[in-house]
Amino acid sequence: MEKFVRKEGLVAPLDRANVDTDAIIPKQFLKSIKRTGFGPNLFDEWRYLDRGEPDKENAGRPVNPDFVLNKKRFEGATVLLARENFGCGSSREHAPWALQQFGFQTVIAPSFADIFFNNSLKNGLLLIRFDAKIVDQLFKEVGENEGYRLAVDLESQTLSTPSGQSFKFDIDPFRKHCILNGLDDIGLTLEHSDKIRAFEAKHKAAQPWLF
Amino acid sequence: MAKTLYDKLWDSHVVHVEADGTALLYIDRHLVHEVTSPQAYEGLKLANRPVWRVDSVVATADHNTPTRNWDKGIEGIEDKVSRLQIETLDKNIKEFGAKVYFPFLDKRQGIVHVIGPENGATLPGMTVVCGDSHTSTHGAFAALAFGIGTSEVEHVLATQCMVMQKYKNMQIRVEGKLGLGVTAKDIALAVIGKIGTAGGTGHAIEFTGSAIRDLTMEGRMTLCNLAIEAGARTGMVACDEKTIEYCKGRMFSPTGAQWDKAVAYWRTLVSDEGAHFDTEVTLDAAEIQPQVTWGTNPQMVTTVGGKVPDPAQESDKVQREWMERALKYMNLKANTPITEISIDKVFIGACTNSRIEDIRAAAQVAKGKKVAGNVKLAMVVPGSGLVKAQAEAEGLDKILTEAGFEWREPGCSMCLGMNDDLLSPGERCASTSNRNFEGRQGPGGRTHLVSPAMAAAAAIAGHFVDVRSFS
């Protein structure tokens, strides 16, 4: 996992509540056995007017000109601004993979679905929760200012706007530590191998039918 | 101190806790399927890590498997990408091992959330994970069960643990008697309609009350299955005699002295008197009506006697725009009575409603009747090979096919359309599945979530109809 310390980038606003993971990456792309290659089909049914397929080239497909990510001014955005309950639905980790592989490093919303939240942080895609009022303000600012950028400093847990305003955000210390240092979760857990083995022995003695 | 069922299940599996409360939770059962596991096994290979406890793994292929042409074997899967994913699971299980594997074409193959319980691979008191959000289903057995992503699948394979923060406790209490023709699916949709699809976010839900105790195990599985649609990663029901009776004599259930010991422990898997819940929601069972969703999210739901709501009545701008967008996608006008919505297809199946009781409910409605002429396809997809065999032994397949339903092979099928079972753009479907998201059953497809009896009644009538007054 790549380290996430301080990142700054163009913001794209996705002004819809309850964006589900079926919308983020439709099911036909889940047939892949690889971890990469999902970026081109992020929000496929919203970005394109025809049906995308895993083996289909996107060049030449009819594009939906009204969809926000197809607008020139948001090209190259690395921060996605969204509404309540972003990432609800299926547990597909292909959703954060697609967002990252498209180029997003941070998603800001008033709330996220639980499984999507975990999946994203496991991959170093930083999800930031702000009060709906702050999110409203950011939507307003990005709408009014072309080239609107935000800076995210994970170390100090602050988000800064172009006008110099900054907002503090929360993150669990353990997750912060992992993302800041790009740590491999499995490696960290395996440092507790002795504890896991001891627990397992005790558990087996108490409930042998589980083994 | 009085503990909730969730507190008990959590406490009995904690291996280690960090200073900020992040815990390592031990996992007893890991259900594996073809879609969310290939990258996890690849990760193990790349890091040269073994599977920590092979006998915790129960695997099957379900999402991509076809529901026809099983006589052609693996060659019958025309989509090469789907086939490769199923073959990759075969290869990974062969290389890494499992307690048991029910591959494509096996007589015990089926939807992962159906085969776990029916083989006794899901038992009370267990922690159960699977790379699928509907893993909450297994909570019906007083187990702590939740859906996980692929990195977590790899993590559990390698360490037998999950890295987790404890959720808050939520109690959803349903008291009283359900009316005739009102089912667990209707309870679940009514709950989601009340608290919203984010209502349970950050919580573990326990369903309690006399209406829940009255449900069969199948009904409780339907209810817990839909906890995730209320935003909660895990939903559960306390253990009682029905739970114990269901587990008895299953393939992996304990026997003899171990059975007695297990049962004694399982009986403690209930919330203590006076245990604290952070959030409590109460519903009156008698007031719950058959439910039908009208929009593109499970919380967009109303009763069969209701109407499509009018966005103009919604004061919140974000909500109003969301409703308008949903009505446009669903091609519905505000204030249309639900019973005036006609349908093109019917799907009875999915991990929500593909168990024997669901098939019986559909057959009971369909018996002696015919699918309406405007319905292009009405299909019944049993949840597993065992469910299919049981239904056939009871003659349910005959009743359904004589009424004009197609009787298919088991799998996830048109719940998410990873195989060939899809809606065409613009088609409207009465579905017993769990999600009515845009494009969920096929690009441009329009899904209305209902119970199996309501789906069968809609198939016969050609439009939604109140199953209680349907004859």
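Let me begin with chain A, where buried residues make up 42% of the 211 residues, and I should say straight away that what we are looking at is a predicted model. The C-alpha atoms of this chain fill a box of roughly 65 × 45 × 25 Å, taken along the principal axes, and within it there are 8 helices and 7 strands. If we take the contacts in chain A with a separation of 6 or more, 67% of them are accounted for by residues 24 or more positions apart.

Now to the strands of chain A. An open sheet of 7 strands runs in the order β4-β3-β2-β1-β5-β6-β7, and its pairing is mixed. At the edges stand β4 (126–129) and β7 (166–168) of chain A, each with a single partner strand, so one side of each is left without a neighbour in the sheet. From one strand to the next, the twist averages 25°. To take one pairing inside this sheet, strand β2 (residues 79–81) of chain A is joined to strand β3 (residues 106–109) of chain A by 3 bridges, and the two run parallel; if you would like a residue pair to find on the screen, Leu81(A) has Ile108(A) in β3(A) as its bridge partner.

Before leaving this chain, please look at helix α8(A), which has 14 residues and reaches 20 Å from its first C-alpha to its last, close to the 20 Å expected at 1.5 Å a residue. Is this helix largely in the open or mostly covered? Of the 14 residues of α8(A), the number buried is 1, so this helix lies largely in the open.

Next, the contact between the two chains, which takes 50 residues from chain A and 61 residues from chain B. On the side of chain A that touches chain B, the elements giving two or more residues are α1 (21–24), α4 (114–122), α6 (173–181), α7 (185–190) and the helix we have just discussed, α8 (193–206), all of chain A. The largest share of that side, 5 residues, comes from α4(A). By character, the residues on the side of chain A that touches chain B divide into 19 nonpolar, 13 polar and 18 charged.

Turning to chain B, I will start with a hairpin. Strand β1 (residues 14–17) and strand β2 (residues 23–26) of chain B pair in the antiparallel sense over 3 bridges, with His16(B) standing opposite Leu24(B) in β2(B). There are 5 residues between the two strands of this hairpin, and in the turn Gly21(B) has a positive phi of about 95°.

Chain B also holds an open sheet, in which 5 strands follow the order β5-β4-β3-β6-β7 with parallel pairing. Here β5 (100–102) and β7 (144–147) of chain B stand at the edges, and because each has a single partner strand, one side of each is left without a neighbour in the sheet. The twist in this sheet averages 15° from one strand to the next. Strand β6 (residues 127–130) of chain B is joined to β7(B) by 4 bridges, and Cys130(B) stands opposite Gly147(B) in β7(B).

Staying with the edge strand β5 of chain B, we find Phe102(B) within it. Is Phe102(B) buried or exposed? Phe102(B) is buried, because 23 other C-beta atoms lie within 10 Å and the cut-off for that term is 20 or more. Leaving aside its neighbours within four places in sequence, Phe102(B) is in contact with Thr60(B), Arg108(B), Gln109(B) and Ile115(B).

Helix α6 (residues 184–195) of chain B has 12 residues and reaches 17 Å from its first C-alpha to its last, close to the 16 Å expected at 1.5 Å a residue. This helix is mostly covered, with 10 of its 12 residues buried, and among the buried ones are Lys185(B), Asp186(B) and Ile195(B). Just after α6(B), Gly196(B) takes a positive phi of about 85°.

I will finish with the largest nonpolar core, which has 206 residues, and in which Val346(B), Ala362(B), Ala458(B) and Ala459(B) are those with the most contacts inside it. Helix α15 (residues 452–461) of chain B gives the most to this core, with 9 residues. As for Ala458(B), once its neighbours within four places in sequence are left aside, its contacts include Ile343(B), Val346(B), Ala430(B) and Phe464(B).

How values were computed. Residues are numbered from 1 along each chain as its sequence is written. Chains are lettered from A and ligands numbered from 1 in the order in which they are written. This is a predicted model: local features need pLDDT of at least 70, side-chain atom pairs count only at pLDDT 80 or more; totals for chains, interfaces and linings use all residues. Two strands pair if DSSP finds at least two bridges between them. Axes are lines fitted to C-alpha atoms, for helices over the stretch in contact, and angles run from 0 to 180 degrees between N-to-C directions. A nonpolar core is a set of buried Ala, Val, Leu, Ile, Met, Phe, Trp, Tyr and Cys residues joined through C-beta atoms within 7 Å. Two residues are in contact if their C-beta atoms, placed from the backbone, lie within 7 Å. Ala, Val, Leu, Ile, Met, Phe, Trp, Tyr, Cys and Pro count as nonpolar, Asp, Glu, Lys and Arg as charged, and the others, Gly among them, as polar. The expected span of a helix is 1.5 Å times one less than its number of residues.
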